[in-house]
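Here is a short report on one protein chain. Please look over the sequence and the model, then read on.

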Amino acid sequence: DERGDVWDFAKMEADPHLEGQYPIADSIKTLAEYLQSAGYRTGLVGKWGLGAPYSEGSPNKQGFDFFFGYNCQRQAHTYYPKHLWRNNEKVSLDNNLVVPGTKLDPGADPKDPSSYARFTQKIYAPALMMEEARQFINQNSRQPFFLFFASTLPHLALQAPETYVNRYVKKFGNEKPYTGNEGYFPARYPHATYAAMVSYLDDQVGEIIRLLKANGQYDNTLIIFSSDNGYAYNAGCDPAWFSPFAPFKTVYGRGKGFVFEGGIRVPMIVSWPGVIHPGTETPLISAFYDILPTLCEIAGIQLPNDTDGISFLPTLTGNGRQKLHEYLYWDFPEYNGQQAVRMGPWKGIRLNMQKGNTTIQLFNLDNDLMESHDVASQYPGMVNQILSIMNREHRKSTFSQFYLKSIDHDK
């Protein structure tokens with residue numbers, strides 16, 4: 001990185017210019033900016049990764065009236081950071097700097113809980129975030145507001161308050177320690193800790209709902225809950241042990257960071273009292289870029305023309321005709337470079353593009369949700385349709401680090 005050693009946590013602590021990711025361009029209008037222009041008070045609590053502190057991509061320059069949390073993906077690799085951000089102010093926390101990747105002390109007994117003491121400190125970031133979210137909701141109880149509660153739970157590392165972990169140690173019993181050999185931090189009870197993190201988030205969602213009800217806001221509030229990726233598989237997380245990850249293959253290459261269904265198919269739960277009947281389900285296929293047109297339509301904002309998103313408001317209300325995507329498209333330069341297209345029951349995937357691969361695998365998700373049987377040779381016409389979509393939708397990045405080498409070399 002031209003800024004310097006952005007992975008040195010001590011240097012980042014001294015120089016905030018080493019934090020953060022490439023900034024989203026100021027010319028791009030975010031969902032928060034649309035809602036802000038319509039009179040909504042906008043807040044972001046949690047993690048932001050679209051622009052380092054002081055850059056044009058920082059939250060307060062991208063439509064958020066208020067921001068509290070991590071402004072860096074790397075900093076979010078610990079739940080006990082040395083600092084967080086409130087707007088453009090660095091908030092120091094009474095935690096020690098323990099760098100992600102730190103192992104147990106030499107000679108420490110991995111079965112002794114006291115060997116892990118340094119990895120649980122005084123200030124748990126999610127607790128502070130909940131307090132800031134609570135204040136934001138209370139301060140805006142008499143005006144329209146939009147809160148993006150971008151919790152990092154249950155992101156790795158495996159860290160949770162002891163009271164939550166002990167609840168699951170009693171339930172699960174003794175288990176094999178995670179000693180840190182796959183990165184992040186060691187954890188004496190990895191299964192119990194992961195479950196504790198999920199429960200902590202669940203409790204926070206419940207607290208937000210109770211607060212909205214206490215303020216008389218709940219009946220007029222739309223709540224959307226979802227995830228930005230599928231299951232994790234490393235650093236002590238054991239997806240095969242947790243049955244909710246079924247039916248997907250819980251192995252490396254099939255979860256977070258990959259375009260197989262286990263990496264990109266996530267549930268979305270929506271609550272809207274008086275509008276959505278509790279317990280209803282929909283098979284509608286959508287993507288996160290559908291959120292912007294949906295919320296704009298709800299807020300009475302003219303829908304932008306430069307988005308691939310489609311409002312799913314008709315599905316939420318049961319009124320009107322729901323427009324459907326002809327297809328969904330993904331590309332991702334990480335993990336050796338990937339592309340994917342979903343079109344009806346068909347899913348086309350191209351992997352290892354940084355190594356020159358251009359071959360497309362084809363799956364029929366109606367009868368092969370686990371994507372185990374490549375049927376590309378049987379349906380060459382469908383492969384050609386998917387290839388045409390990939391060629392049409394891909395845009396060469398302005399950053400060479402994000403090139404897909406097998407197709408970007410001649411663009």
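Which residue stands opposite His 83 in E4? The residue is Ser 92. Before going further, note that this is a predicted model.

**The hairpin around His 83**

Strand E3 covers residues 83–86. Strands E3 and E4 pair in the antiparallel sense. Four bridges hold that pairing. Together, E3 and E4 form a hairpin with two residues between the strands. In this hairpin, Asn 87 takes a positive phi near 55°.

**The sheet**

The hairpin strands belong to an open sheet of five strands. Its order is E4-E3-E2-E1-E5, and the pairing is mixed. The edges are strand E4 (89–92) and strand E5 (145–150). Each of these two pairs on one side only. On average, neighbouring strands of this sheet are turned by 15° against each other, direction ignored.

Further along the order come E2 and E1. Strand E1 spans residues 41–47, and strand E2 spans residues 66–70. How do these two strands run, parallel or antiparallel? E1 and E2 run parallel, joined by five bridges. Leu 44 has Phe 67 in E2 as its bridge partner. As a general point, side chains in a regular strand alternate between the two faces of the sheet.

**The loop between E1 and E2**

Ala 52 sits in the loop between E1 and E2. Is Ala 52 buried or exposed? Ala 52 counts as buried, because its relative accessibility is 7% and the limit for buried is under 20%. Ala 52 and Leu 18 are 34 residues apart in sequence. In space, their C-alpha atoms are 8.1 Å apart.

**The whole protein**

The protein has ten helices and eleven strands. Its C-alpha atoms fill a box of roughly 60 × 55 × 45 Å, taken along the principal axes. What radius of gyration would a compact globule with 411 residues have? The value would be near 22 Å, and the protein has 22 Å, so the two agree. Of the 411 residues, 49% count as buried.

**Backbone points to look at**

Two peptide bonds are worth finding in the model. A cis peptide bond joins Leu 153 and Pro 154, with omega about -5°. Pro 154 is in the loop between E5 and H4. The bond from Leu 156 to Ala 157 is also cis, and its omega is near 25°. Ala 157 lies in the loop between E5 and H4 as well.

Next come two residues with a positive phi. Ala 235 has a phi of about 55°, although it is not a glycine. Tyr 335 has a positive phi of about 55° too, and it is not a glycine either. Their settings are listed here.

| Residue | Loop between | Relative accessibility | Class |
|---|---|---|---|
| Ala 235 | strand E6 (223–226) and helix H6 (261–264) | 0% | buried |
| Tyr 335 | strand E8 (328–332) and strand E9 (338–343) | 34% | partly exposed |

Why does Ala 235 count as buried? The reason is its relative accessibility of 0%, because buried means under 20%. Tyr 335 is partly exposed because its relative accessible area is 34%, which falls between the limits of 20% and 50%.

**Pocket and cavities**

Now turn to the spaces in the model. The second largest pocket holds about 370 Å³ of space. Its lining has 16 residues. Pro 113, Tyr 116, Thr 120, Glu 162 and Val 165 lie nearest its centre. Which element gives the largest share of this lining? Helix H4 (residues 162–172) does, with three residues. By class, the pocket lining has ten nonpolar, four polar and two charged residues.

How many cavities of 30 Å³ or more does the structure hold? There are five. The largest cavity holds about 50 Å³ of space. Its lining includes Phe 9, Glu 13, Gln 75 and Thr 78. Tyr 80, Pro 81 and Lys 82 also line this cavity, as do Asn 96, Leu 97 and Val 98. The lining of the largest cavity divides into five nonpolar, three polar and two charged residues.

Definitions and conventions. Residues are numbered from 1 along each chain as its sequence is written. This is a predicted model: local features need pLDDT of at least 70, side-chain atom pairs count only at pLDDT 80 or more; totals for chains, interfaces and linings use all residues. Side-chain values use heavy atoms; hydrogens and water are left out. On a 1 Å grid over the protein atoms alone, a cavity is a set of points where a 1.4 Å probe fits but cannot get out, and a pocket is an open set with protein on both sides within 12 Å along at least five of seven lines; lining residues have an atom within 4 Å of a point. Grid points are joined across faces, edges and corners, and a volume is the space filled by probe spheres set on the points. Ala, Val, Leu, Ile, Met, Phe, Trp, Tyr, Cys and Pro count as nonpolar, Asp, Glu, Lys and Arg as charged, and the others, Gly among them, as polar. Two strands pair if DSSP finds at least two bridges between them. Axes are lines fitted to C-alpha atoms, for helices over the stretch in contact, and angles run from 0 to 180 degrees between N-to-C directions. The radius of gyration is taken over C-alpha atoms; the globule rule is 2.2 Å times the number of residues to the power 0.38. Buried means under 20% relative accessible area, exposed over 50%, partly exposed in between (1.4 Å probe, protein chains only).
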